[in-house]
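Colleague: I am new to this structure and would love a guided close look at one part of it. Could you take the charged side chains and their pairings, and then show me what surrounds them?

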Amino acid sequence: SEALSLLYERTEGWPVAVQLARLVVTDAPTRGHFDKFHGHSGHIATYLAEQIVSGLPDELQEFLCFTSVVERFNAELADAIRGKRGSETLLAQLEPLNALVVRAEGDDSSYRYHHLFAEYLQKELRRRSGEEGVTEIHRRASQGYEEKGYMAEAVRHSREARDYDRCANLIERAGGWELILFGGIGYLRGLLQHIPDDVAAQYPRILLAKAYLGVKDGLLAESRALLDAAVNAPHSSDQAMLQRDILNVGALIFVYEDTAVSTNDIVELQQRLTEVRSDDPLTRSILACQLIVCELAVGQFANADHLAQATMRTMREARTVLGLNYCYLHAGLAELYQGRLKSAEAHFGVARRMAEENFAHDPGLRALSR
């Protein structure tokens with residue numbers, strides 16, 4: 001059964017690949033055999049070159065090579081990558097290759113290549129177009145994904161084009177640190193890993209995104225250092241947005257640092273909350289949550305309970321499920337400390353279900369909700 005799984009993993013059930021695998025595997029199959037079984041070398045590459053690609057028109061060969069850089073594509077994205085129209089017609093001509101050009105799962109309008117075919121095409125693309133040509137194709141793919149709102153793919157292809165400044169700009173325009181509130185920890189982490197540290201240091205809003213991610217990972221000292229670096233960074237092109245980010249991320253770091261709180265701190269936080277613009281529900285929600293945590297810390301449970309209930313509405317207005325999840329936790333704690341056990345249990349139950357349904361990748365939040 002293990003040998004069959006390995007065989008299917010590498011061939012995806014394509015009969016030709018299964019037959020060619022026999023030339024590689026001369027005894028009992030092992031992962032070592034299949035690690036050498038690629039579309040860009042050996043018998044597979046020879047078969048694809050001689051039996052599949054060489055007999056196609058030049059325009060179709062170019063189409064295959066250009067679109068091989070993306071995991072899935074449709075006619076519109078293919079047009080963007082190629083820099084010209086007509087991809088829908090070319091896709092129709094690929095119908096006979098249905099073992100190698102298959103419908104993407106869950107999307108009837110998108111296609112993907114058999115991974116062995118993609119490996120062959122990517123090597124052929126590099127041979128035909130050189131590194132500069134491949135870089136340009138990744139740049140076009142990034143732009144095509146950006147236009148359709150697929151930020152993770154846009155950033156990844158900018159990284160492949162070695163355009164790290166564009167990676168940073170894309171993440172900033174998409175919301176920077178706020179992406180963790182809407183996409184979760186894994187989403188923001190995946191985006192930030194495409195930016196080298198020396199490039200990130202030039203973008204204070206990227207530093208703030210890394211600071212918030214560090215807080216979620218428990219790296220409080222590093223997060224505070226990143227916040228300070230963002231505060232002391234050179235002037236940003238969008239100073240108003242930077243100051244807003246500093247206010248929000250600073251509030252979140254303050255909460256996680258578990259600093260001792262006084263009544264004077266609460267008065268200051270209440271005043272700061274009144275100064276937030278009415279059309280910025282996210283900042284109002286985050287500062288309110290900071291105030292709730294402080295009120296819980298000094299025993300003002302009734303105030304914390306009332307503010308938590310009000311902040312739930314603001315979090316919904318800001319459309320952040322993660323923020324709303326924490327509001328239910330805060331409300332549950334406020335009820336618990338007031339001895340309202342059934343109400344506390346109800347709030348914790350909602351928080352637990354939200355965490356399990358929406359943030360399976362955030363073990364910390366799930367643990368808190370339990």
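Modeller: Happy to; here is a walk through the charged pairs, followed by the buried and surface regions around them. Please keep in mind that this is a predicted model.

Let us begin with the pairings. In general, side chains of opposite charge can pair when their charged atoms come close. This structure holds 25 salt bridges. One of them joins the side chains of R112 and E12, with 2.8 Å from N to O. R112 belongs to strand β2 (residues 111–113), while E12 sits in the loop between α1 (2–11) and α2 (15–24), so the pair ties together parts that are 100 residues apart in sequence. R112 counts as partly exposed because its relative accessible area is 26%, and E12 is partly exposed too, at 24%.

Another salt bridge brings together the side chains of K148 and E76, at 2.6 Å from N to O. Here again distant parts of the chain are linked: K148 is in the loop between α8 and α9, E76 is in helix α6 (residues 75–82), and 72 residues separate them. With a relative accessible area of 46%, K148 is partly exposed; E76, at 48%, is partly exposed as well.

Now for a pair away from the surface. R244 and D245 form a salt bridge through their side chains, at 3.9 Å from N to O, and both residues are buried. They also belong to a network of salt bridges that links E178, R205, R244, D245 and D280.

A charged residue can also be found without a partner. E295, in helix α18 (residues 281–297), is buried yet has no salt bridge. The nearest side chain of opposite charge is that of R340, 13 Å away. Leaving out residues up to four places away in sequence, E295 touches I266, Q270, Q300, N303, A304 and L307.

C294 is placed in helix α18 too. Its relative accessibility is 2%, which means that C294 counts as buried. Beyond its neighbours within four places in sequence, C294 is in contact with F254, V261, I266 and L269. Of these, L269 is 25 residues from C294 in sequence, and their C-alpha atoms are 9.1 Å apart in space.

From here we can turn to the nonpolar interior. The largest nonpolar core has 108 residues, and F73, Y113, F117 and W177 touch the most other members. Helix α8 (residues 115–147) supplies the largest share of this core, 10 residues. Y113 has contacts that include F63, L64, F73, L100 and L121, not counting residues up to four places away in sequence.

Helix α10 (residues 164–174) has buried residues of its own: R166, C167, A168, L170, I171 and E172. These pack against α8, α9 (151–160), α11 (179–183), α12 (185–192) and α14 (204–216). After α10 comes G175, with a positive phi near 130°.

Last, a look at the outside. L333, L336, Y337 and L341 make up a nonpolar patch on the surface, with about 370 Å² of accessible area together. Helix α20 (residues 321–337) gives the most to this patch, with 3 residues. Y337 lies in that helix, and it counts as partly exposed because its relative accessibility is 47%.

Notes. Residues numbered from 1 in each chain as written. Predicted model: local features only at pLDDT ≥ 70, side-chain atom pairs only at ≥ 80, totals over all residues. Heavy atoms only, no water. Patch = residues over 30% accessible without salt bridge, like charges linked within 9 Å, V, L, I, M, F, W, Y side chains within 5 Å. Areas by Shrake-Rupley, 256 points an atom, 1.4 Å probe, with all protein chains shown as cover. Salt bridge = Lys/Arg side-chain N within 4 Å of Asp/Glu carboxyl O. Helix = DSSP H or I, 4+ residues; strand = E, 2+ residues; numbered from the N terminus. Buried < 20%, exposed > 50% of the residue type's maximum accessible area, 1.4 Å probe, protein only. Core = buried A, V, L, I, M, F, W, Y, C linked by side-chain atoms within 4.5 Å. Contact = heavy atoms within 4.5 Å. Lys, Arg positive; Asp, Glu negative; His and termini not counted.
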